[in-house]
Every structure is written in C-alpha cells, then in structure tokens.
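This report goes through one protein model, with attention to a few loop residues and helix contacts. The sequence and structure come next.

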Amino acid sequence: MELLYVFGRLMFSLASTVYQKKLAQHGLHPFYIVAATYLVLGVLAAPLLYAIDFGSLRHDFWLNIWLASLFDVAGWMFLVLSLSKTDLSVFGPLNAYKVVASMLLAILFLNEVPSMQGLLGVLLIIAGSFFLMPSAASSQAGVVSGLLRDKGVQARFLSIFLFSVGTVFLKKSVAGGVLETMVFWSLIGLPLVLLSNYFFLPNTVQEQMKATKQHLHSISLIGVMVFAMQYFTLLLLANMLVAYALALFQLGMVLQVLIGYRVFNEKDIARKLLASLVMMAGSLLVLMH
C-alpha cells in the first residue's frame with residue numbers, strides 16, 4: 001500500500017503541474033489558477049462534512065489545520081508563480097532543496113546536528129544547481145547567485161520553504177484524522193486564497209473569470225488531481241512514511257525534466273538531466289543520513 005500512496009502522489013503531482021503550467025501559458029494569473037483550484041477542492045470537500053464527527057476534534061487540531069492551510073495556500077501561490085516564470089526542467093530539480101529546507105528546520109527547531117553524509121548531500125545538491133544555468137551563464141562569476149536572481153527560482157524556493165513549514169502543522173493535524181484534515185485543509189484554504197486574490201489582483205478578477213470559461217475542463221482536472229495528491233500525502237504522513245516518501249519523490253525530478261522536453265520543448269535537456277541526477281543523489285544522501 002505504501003508504494004501505491006507514493007506512486008499516486010507522484011503521478012497526480014506531475015499531471016497537475018503540467019496542467020497548471022499550461023494554464024499560466026494561456027494567460028491566467030498564477031494566483032487566480034490557485035484560487036480556481038481551491039474552489040474545486042471546496043466543492044469536492046463540502047459533501048464529506050457529513051462524515052465528520054465534529055465533537056471528536058480537539059482544539060489543537062483546529063490550530064494546526066488553520067496554520068497548515070495558511071502556509072500551504074501561500075506555498076501553492078508561489079509554486080504556480082514559479083511554474084509561470086521557469087522551465088519545468090528547472091522547476092523539477094529544484095525540488096531537491098525540500099530536503100535542505102527540512103534539514104535546516106530540524107537544526108533550528110529540533111536541535112538536530114547533521115552528519116557528514118547529510119552535509120555531503122547538501123553540497124551535491126548545490127553542485128547540481130550549477131548545471132541548471134544556461135550554458136552562456138556558466139562563464140559568468142557566481143553561477144549559483146545567477147540562479148538565485150531568477151524570479152521563478154526565487155518563487156520556487158519560497159514555495160519550498162512555505163510547504164516545509166506547513167507540513168509540520170499538517171503532520172500534527174493528521175492525528176485528528178486523515179479525512180478530517182483533507183476536508184478542512186480544502187475548505188479553510190478557499191477563503192484564504194480568495195482574500196489573497198482580492199488584495200493582490202483587485203482589478204483583474206473579472207477579466208480572469210472571463211478567460212476561465214474556455215479552461216473549465218482543465219481547472220476541474222487540476223482540482224481533482226490536487227485533491228487526490230493531497231489525500232495520498234496525508235496517508236503517507238499518517239503512516240509516518242515521510243522520509244521514505246521523500247526519497248521516492250525525487251524520481252519526479254527526472255520525470256519533470258523529460259516532460260519539460262516532450263511537452264514544452266524546453267532546451268538543454270541533457271545538462272538538466274545531469275543536474276537532476278546529481279541533485280537526486282544529494283537528496284538521497286540527506287534523507288538516508
């Protein structure tokens with residue numbers, strides 16, 4: 001069953017990412033795409049309220065699910081923003097920095113001391129980043145600093161940080177039940193993302209809604225896939241399989257590079273495949289230390 005959870009999570013994540021990038025290429029604002037996705041999540045989650053025993057939910061569940069929803073909504077907004085500005089073949093390998101963020105959080109909040117193997121893994125991830133830069137940039141000083149100046153990369157790093165923090169609270173809320181967490185994560189996220197769109201896109205909502213009409217099928221598919229992906233994620237969290245799952249998720253880096261080449265005709269794929277393999281090796285070293 002564990003492999004089924006991981007495979008389901010990986011496949012739905014890849015598919016939803018492709019559709020989100022396509023919508024962004026058609027002119028829909030990334031923040032609006034997230035809002036439309038959460039609207040579908042809300043529609044799917046609302047009927048499940050009847051299956052929930054509200055009396056069994058403790059006060060700490062509500063605090064954790066609110067915080068998890070807050071960080072995850074922000075994470076999704078910057079994730080789709082990154083997709084709109086960055087090649088999928090660059091976006092995918094950057095996923096390796098999730099384990100770096102997790103290590104830093106463990107150092108800061110759990111007082112964990114990384115091993116030499118873990119530090120070597122971080123160095124490999126950073127080294128792999130060099131290969132993500134365009135060939136012309138490799139002759140310039142500060143290759144990594146050039147990568148960090150990319151707006152899409154900045155948005156991706158921010159989304160990774162936000163998701164990493166959100167996962168801490170999400171894991172705690174799962175103790176109150178997987179179904180309960182799934183339902184309220186979806187429903188609480190909806191008003192949060194709508195408020196964000198109101199403040200950040202005050203004059204374009206109507207225009208975005210008109211443009212949505214021809215993409216209703218894609219938006220519905222994204223919502224269903226994100227719902228399924230998140231449910232598999234919660235099952236993995238509930239079964240304490242986080243490190244095991246993260247290790248297998250690294251395969252998604254290579255798949256995203258290949259999809260970037262096949263679907264979006266992205267360039268320099270051989271170099272980006274090398275980057276993803278080096279960064280995947282670094283991720284596995286960190287996870288297995």
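Asp268 sits in the loop that joins α13 and α14. The model is a predicted one, and the values below are computed from it. The phi angle of Asp268 is near 55°, which is positive although the residue is not glycine. With a relative accessible area of 38%, Asp268 is partly exposed, because the partly exposed class lies between 20% and 50%.

Asn265 belongs to the loop between α13 and α14 (269-287). Asn265 follows α13 and has a positive phi near 55°, again in a residue other than glycine. Its relative accessibility of 57% makes Asn265 exposed, because the cut-off for that class is over 50%.

**Accessibility of selected residues**

| Residue | Relative accessibility | Class |
|---|---|---|
| Asn265 | 57% | exposed |
| Asp268 | 38% | partly exposed |
| Ala127 | 31% | partly exposed |

The helix before this loop, α13, covers residues 251-264 and has 14 residues. From its first C-alpha to its last, α13 reaches 19 Å, close to the 20 Å expected at 1.5 Å a residue. Which residues of α13 are buried? They are Gly252, Met253, Val254, Gln256, Val257, Gly260 and Phe264. An α-helix has 3.6 residues a turn, so residues three or four places apart point the same way. Val257, Gly260 and Phe264 are among the buried residues of α13.

Ala127, the remaining residue of the table, is found in helix α6, residues 116-129. At 31% relative accessibility, Ala127 counts as partly exposed. How far apart are the C-alpha atoms of Ala127 and Ala275? They are separated by 8.2 Å, while the two residues are 148 residues apart along the chain.

**The protein as a whole**

The protein has 14 helices and 0 strands, and every element in the order from the N terminus on is an α. Of its 289 residues, 52% count as buried. The accessible surface comes to about 14000 Å², and 69% of this belongs to carbon and sulfur atoms. Among contacts between residues at least 6 apart in sequence, 88% join residues at least 24 apart.

**Packing around α3**

Two helix pairs that involve α3 can be described. The first is α3 (residues 59-85) with α9 (residues 178-200): their axes come within 8 Å and cross at roughly 50°. The two helices are therefore oblique to each other. The crossing of α3 and α9 is right-handed. On the α3 side, the residues in contact include Phe61, Trp62, Ile65, Trp66, Ser69, Asp72, Val73, Trp76 and Met77. On the α9 side, they include Phe184, Trp185, Ile188, Gly189, Leu192, Val193, Ser196 and Phe200.

The second pair is α2 (residues 30-45) with α3, which pack at an angle of about 130° with their axes 8 Å apart. That angle makes α2 oblique to α3, and the crossing of α2 and α3 is right-handed. Pro30, Phe31, Ile33, Val34 and Tyr38 of α2 meet Asp72, Val73, Trp76, Met77, Val80, Leu81 and Ser84 of α3.

Some α3 residues take part in both pairs. Asp72, Val73, Trp76 and Met77 are among the α3 residues that touch α9, and they are also among those that meet α2.

Note on methods. Residues are numbered from 1 along each chain as its sequence is written. This is a predicted model: local features need pLDDT of at least 70, side-chain atom pairs count only at pLDDT 80 or more; totals for chains, interfaces and linings use all residues. Side-chain values use heavy atoms; hydrogens and water are left out. Helices (H or I, at least four residues) and strands (E, at least two) are DSSP runs, numbered from the N terminus. Buried means under 20% relative accessible area, exposed over 50%, partly exposed in between (1.4 Å probe, protein chains only). Contact means heavy atoms within 4.5 Å. Accessible areas come from the Shrake-Rupley method with a 1.4 Å probe; for residues, only the protein chains shown count as cover. The expected span of a helix is 1.5 Å times one less than its number of residues. Axes are lines fitted to C-alpha atoms, for helices over the stretch in contact, and angles run from 0 to 180 degrees between N-to-C directions. Angles under 35 degrees count as roughly parallel, over 145 as roughly antiparallel, 65 to 115 as roughly perpendicular and the rest as oblique. A crossing is left-handed if the near helix is turned anticlockwise from the far one by less than a right angle, and right-handed if clockwise.
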